[in-house]
Each structure stands twice: as structure tokens, then as C-alpha cells.
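User: I am new to protein structures and would like to learn how to read one step by step. Could you guide me through this example?

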Amino acid sequence: MSNAEGPFTRDESVDKPGIVGARWWNQGLIDEERAMSRRKAVGLIAVGAVGVAVVGAVGVGINAAVTSAYKAGERVALAMQKEFGWDFGARTVALVFNGSTTERFDPKRLATLEADLAPKRHLPWHVPTLLQSLTAPSKRLPRDTSSQRLLPAQLMPIQTAAMTNAYMLGGLIGQLFAGRGAEALLIVDLNGEDSIAFAAGAANFLEPIFGMDNWPHPVGVVSSHLTLASAAYYQPVFAEAKVKRPESAGGLIVLDRRRLSAYTDDAKHFDNRYLAKIPSASALKAAGYKRVLYITNQSTGAAAYELDDLNAAFVALQSEGVEVRAVSLDVFSVSSGQANYGIGGTIESFWRDYPWVSTTAPKAIVNSAYTAYTPRARPTAFSSGKPANFGKVHVVTKDGAVAGAELDATGPWRSDTNYQGSSNYMVIVAPRRSGSFTRSSGGWGG
Amino acid sequence: MNHSIFALELCLCPPAGNPLAMQLGELVRRHPATTTPGAKWEMYRAARQLLANNLGYAVSGCWDFFDSDAKSLADYDMWTKGMTTEEGSRRSPRPDASANNMYRQQSEAAYITCTMSFLLQNGSFAERQLNNQCNIPDDRLWTRATFAHLLDKLGLLSFAVVKSDVFYVIPGDDRWALTADDMRDPKFEYLRPIVG
């Protein structure tokens, strides 16, 4: 591989059995340094009444005032992705997938993923943002000459053991509710890829309503690419079920519980978190629903109550006459080909604890933390709406226009000595020596 | 221009057949004589990834960040001499390496070292960010987690503020990997045992 473009030039190299190495010099930086030295030598710099010489920023030239053309700012993360690309600020970072499948995959079918997964009866409640990331166009940053990576080319379908289990449970629950007149809207809130698998398992019986309101990002706080990869894997299932499913099928809102992943503002991650959207009580009633069943999985560490962004909505539903209940998936199991609920019960025993459908099944033993759940108002980070820095990304602007994401290691502002950066990223510490006394502390020789 | 310096050296003892030394050496051999800051960043990203993936085999190392101009220039010259004088490398193949024995015995440990040093533009945004990341408490200076942290945070460095970089690997040929006896030489005393 050769690259005639500088400015780095190699001046030393060794390639021997004992050692291989090389040294390069940045000729561009050296030339800038020489130019600054020449200007100082001929006394071209004088600032203010006292005539104090000021050295300007490299690459910016000699300025009278020590300021940078680059300014720190903050923008809505999703807006930046829609404007400048899904991988804004991390164009060279690859997506990492945690599962794999050996089944044949045709990337071309991703072009219809959004359409295949779009609901019919519950379309007004559908949030297609994540699915649209595959086909949405975006423009480039000025001076950005890097190759644009199209998201569909980066995506690969995944399959994990947890997804397989969720798919099975989705089928169980879907069959349990199908045609029973429970008048319940289901909400599944697992890790994104598992929620998708659950919805795929239930797709013949319940219409999935997707609620992922973000785009994936290579260093995103929310690993939405896994959710998308799961959707890609189950796309044929969703497409087929959409045709076969009865028009009157009940709804299943599909959420990613990683949407509120813990995040401390830092230079390494992209804040693609988002809040879930739930229909209002009036909308639910108008659609024929009397109740909501919130589905999580306690064995994965979920607490026996809703995620913080749902608390206010669930409390409001309850107060306006829509019953809100919760269930953990770990109370369902399959043994000897038979589906069960709790200990000592059949799958029908579910209706003994959630009496929306009459049953003669025996009462099962289950953890009452879930069966006793009702939404209670509690203080959360979202009690007064979305926090100010939620879903935001630090950007660098120049002349009022976005020049890039501050987490971009190759951004031109990094060579600007006057750029101050975001206060969150630049914890200024007193200059200090770190590390060891190295080889310079002792004599050494060949 | 004032200078800062960041340097890191790792000594690893991977198992027989591990291609780490060859892979690191190839990064240098294939990197062009003239190149761009972006390509430089990619080369070091690959190096960092290789080292991070093999950090479990690291036995000793050292690292520095200095922001004194004179110290930075002097130390950078010292790190360069470590390569040009071939001070740390063997003068002959390992005793257990021969034409009929391309692979060392399982019981014979083989050590490799990887050294990288960067002469930086003091006061630049990227340099200050790296300085910040090197603020490691004294009781954690030589932990494996610290080396993992530094390898990771080196990704924040823009090569637009790197005035010079030197990168070298011992050995260039697996048969010249360092032995345990070699590592006991006083010239390697500056390498600190890695803990954790």
C-alpha cells in the first residue's frame, strides 16, 4: 500500500529478525512551527498597547486575539444523525454484533423491512424511527471526504439463545390471548433484540406496534443495532404473519428496555437514548382496550415495576380507568411439550391471577411481586419531562454551522490550540507527570 | 512550539503459535513512507486493538506522559534510540530455534515487546484530552486495567497534533523472540511488572 499524500514522512526504519520499526515526522506541523518562528523573528507580531506578541493557533494563522474559530455546542443526537449520517462522529468505528446466524441472508430485503413491520390496525401508535434508519438519506458534513457507510451494508442478522427463548414465549402468550376477548393491550419491554423476537413469536396472534424511537450508532449508549439485527432476522416471520393475522388481532407494543441505559456524559459514547410513547387512556378506550399488560423478565434483573419513563403514563392510565397490570416472563415455561404458568398451574392458570377471561384452570403459585403490581407515582428523572441533556450530542461548530461531533478523533479542531472544548469533556487538571521514570533514568547503551 | 510526550511499552509472553509479534510487525512494514493523519490513526487503532486483545499475556510494561518541553524532546530521542541502536533485541536467534524446529518448545517462554512513542504539540485540544486521561492514581499505575484504559484512550489522539511517532516491535522474526534470560538483563529493569 502506498500513499503519496503527506504530511507524515518516515525518516528512520529497521526491519531485522531482532526488531522491526519506524519513525515518522509530521512535516506539516514542522513547517507551521518554522513559519511561526520566522514571523516572530522579524517582529511582525504586536498586539495591544503593550505590544505583547501572541502566538496564534497552528493552522489558523497568527491572530491578534487568542480565540478559536471552533465553538463547543450541543444538539439533539437523532437530528444530527438524520442530517449527517447514522454514524455521525464515528465513521471508522464498526458495529459489534453479539450473535450470529448461519442462515442465508439477502441484504436487499432490508429495503422492505419498514413496510413488513408496519402495523395496520394500530398504525397511529407505531414509531417507525429505528426501522427508517435503514433507508433515510442524509447529507455529509462539509469537507468530509470519508466514504459514507450505508447502514444496511453494516447490518447483519443475529440470533441468540435469549432471542430463541423470547420467540417461544411470544408464541405462548400470543396464543393465550388470541381471540379470548381480554380487551388488553400488551407491552413487552425486554432487551431490544429479545422484544423483537417475542413479537415475532406472537405475530400470528398479536399485531406488533414498534416503539423504538432512535437510530443505531457505532458508539451509541443504546445498542439499537442489535434490535435492528433481530428485526432483520425475523423479517420473513413478520411479513408472513402480517398477511395471515386477523384484522381484529390485539396489539403488542414492542419496547427496548435499554432505551434508558445508564450514561455519564463522556467523550466516548453517543447519547441515542429515547423515551417510550404510550397511547393515552382515551385513545386506548376508543380502540376497544380496557387494560394494559406490561411484560418484562424479572430473571434478567428487571424490577417488579415499570421503567422510569413509563411511570407517569401508567399512573395516568390507571387514574383514567385503564387497568395496568404486569407480568414477568419467567413464570411461563414449557415442559414435556406443555406450556405452564407458575408452579402447579397450566398456561390457562394465568387467567386466575389476571381474571379477564373465565377459566376453570387451577391456581398456580407465582411471585406476588408482579401479580400484586399496580402503578404508583414515584419521582423519576422524567417526572418533569425529558432532562435537558438527554439524547443530546456534543458538537463543534464553525461560523455557526456544525463542523462535526466532538467525539470524532479526527476532527480538525483537535489541532486548534485555542479550542476549549465542552466543559463536560475537559476536566482540566494541573499538568503533572504521570507514569514511570523510564529508560532515561539510567544509562543504557547498545 | 512546546512539546509533550506520550509513550507506552508492553512486554508480552503469548503462547506458542500466537501471531501477535508478526501481526504488529506487519503493521509497521505495510505502513507507507508518506502518509496522512487519518491513516496513522488507523494504523495505531489496529495496533491498540491487537495489544488490547492480547493484554492477558502482558507481563510488564511502562508508560509516560510528560508535558515539559525539554523532557519531552529528550525522552523522545531516547525512545527513538531504543529502536535505532537495537538495544533491546537479540543478536542471534533463540537457542531453541533452528531450521528443523520452527516452533519453540512449549516449555520455553518467548517474550515480545511493543513500543510506541508520540511527540505532541503541547496545548492542543487533543493533547490536553490525552493528558487528562493519563491522570492515573499512583496505586493503579501498573495495573492491567490501566494499560487497557490507555490503549483505549489513545484513540482520542488526533494525529494532526502529533509531531512525530515511533513504533517498534521486538522481534521481527519469531525465532528471535526474547528468552526469560534476556528479560533478566538490567537493561529491561525499567519495565514494571503488570498487576491485576
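User: What share of the 196 residues in chain B is made up of buried residues?

Analyst: Please keep in mind throughout that this is a predicted model. A residue is called buried when its relative accessible area is under 20%, and in chain B buried residues make up 58% of the 196 residues.

User: How many helices and strands does chain B have, and which pattern do they follow along the sequence?

Analyst: Chain B holds six helices and six strands, and when they are read along the sequence their pattern is β-α-β-α-β-α-β-α-α-β-α-β. Contacts can then be sorted by separation in the sequence: of those in chain B between residues at least 6 apart, 88% join residues at least 24 apart.

User: Why does the distance between the end C-alpha atoms of helix α3 of chain B agree with its number of residues?

Analyst: A helix has an expected span of 1.5 Å times one less than its number of residues. Helix α3 of chain B, residues 69-84, has 16 residues and should therefore span 22 Å, which agrees with the 23 Å between its end C-alpha atoms.

User: Which residues of α3(B) are buried, and what covers them?

Analyst: The buried residues of α3(B) are Ser72(B), Asp75(B), Tyr76(B), Met78(B), Trp79(B), Thr80(B), Gly82(B) and Met83(B). Their cover includes elements of both chains, namely β1 (8-15) and β2 (20-26) of chain A, along with β1 (3-12), β3 (58-66), β4 (112-121) and β5 (162-170) of chain B.

User: What comes just after α3(B), and which residue of chain A does it meet in a salt bridge?

Analyst: Just after α3(B) comes Glu86(B), which takes a positive phi of about 55°. The side chain of Glu86(B) meets that of Lys16(A) in a salt bridge, at 2.8 Å from N to O. The count between chain A and chain B is three salt bridges, and 17 residue pairs are found in polar contact across the interface, both residues being at pLDDT 80 or more.

User: Which elements supply the side of chain A that touches chain B?

Analyst: At least two residues each are supplied by β1, β2, α1 (27-41) and β13 (434-435) of chain A, and β2(A) gives the largest share, seven residues. Sorted by class, that side of chain A has 25 nonpolar, 20 polar and 14 charged residues.

User: How many residues does the contact take from each chain, and what area is buried?

Analyst: The contact takes 59 residues from chain A and 79 residues from chain B. The area buried between the two chains is about 6100 Å², with carbon and sulfur atoms giving 57% of that area.

Definitions and conventions
Residues are numbered from 1 along each chain as its sequence is written. Chains are lettered from A and ligands numbered from 1 in the order in which they are written. This is a predicted model: local features need pLDDT of at least 70, side-chain atom pairs count only at pLDDT 80 or more; totals for chains, interfaces and linings use all residues. Side-chain values use heavy atoms; hydrogens and water are left out. Helices (H or I, at least four residues) and strands (E, at least two) are DSSP runs, numbered from the N terminus. Buried means under 20% relative accessible area, exposed over 50%, partly exposed in between (1.4 Å probe, protein chains only). Contact means heavy atoms within 4.5 Å. Buried area is the accessible area (1.4 Å probe) that two parts lose on being put together, summed over both. A salt bridge is a side-chain nitrogen of Lys or Arg within 4 Å of a carboxyl oxygen of Asp or Glu. A polar contact is a pair of N or O atoms within 3.5 Å; within protein, one must be able to donate a hydrogen and the other to accept it, and residues adjacent in sequence count only if both atoms are side-chain atoms. Ala, Val, Leu, Ile, Met, Phe, Trp, Tyr, Cys and Pro count as nonpolar, Asp, Glu, Lys and Arg as charged, and the others, Gly among them, as polar.
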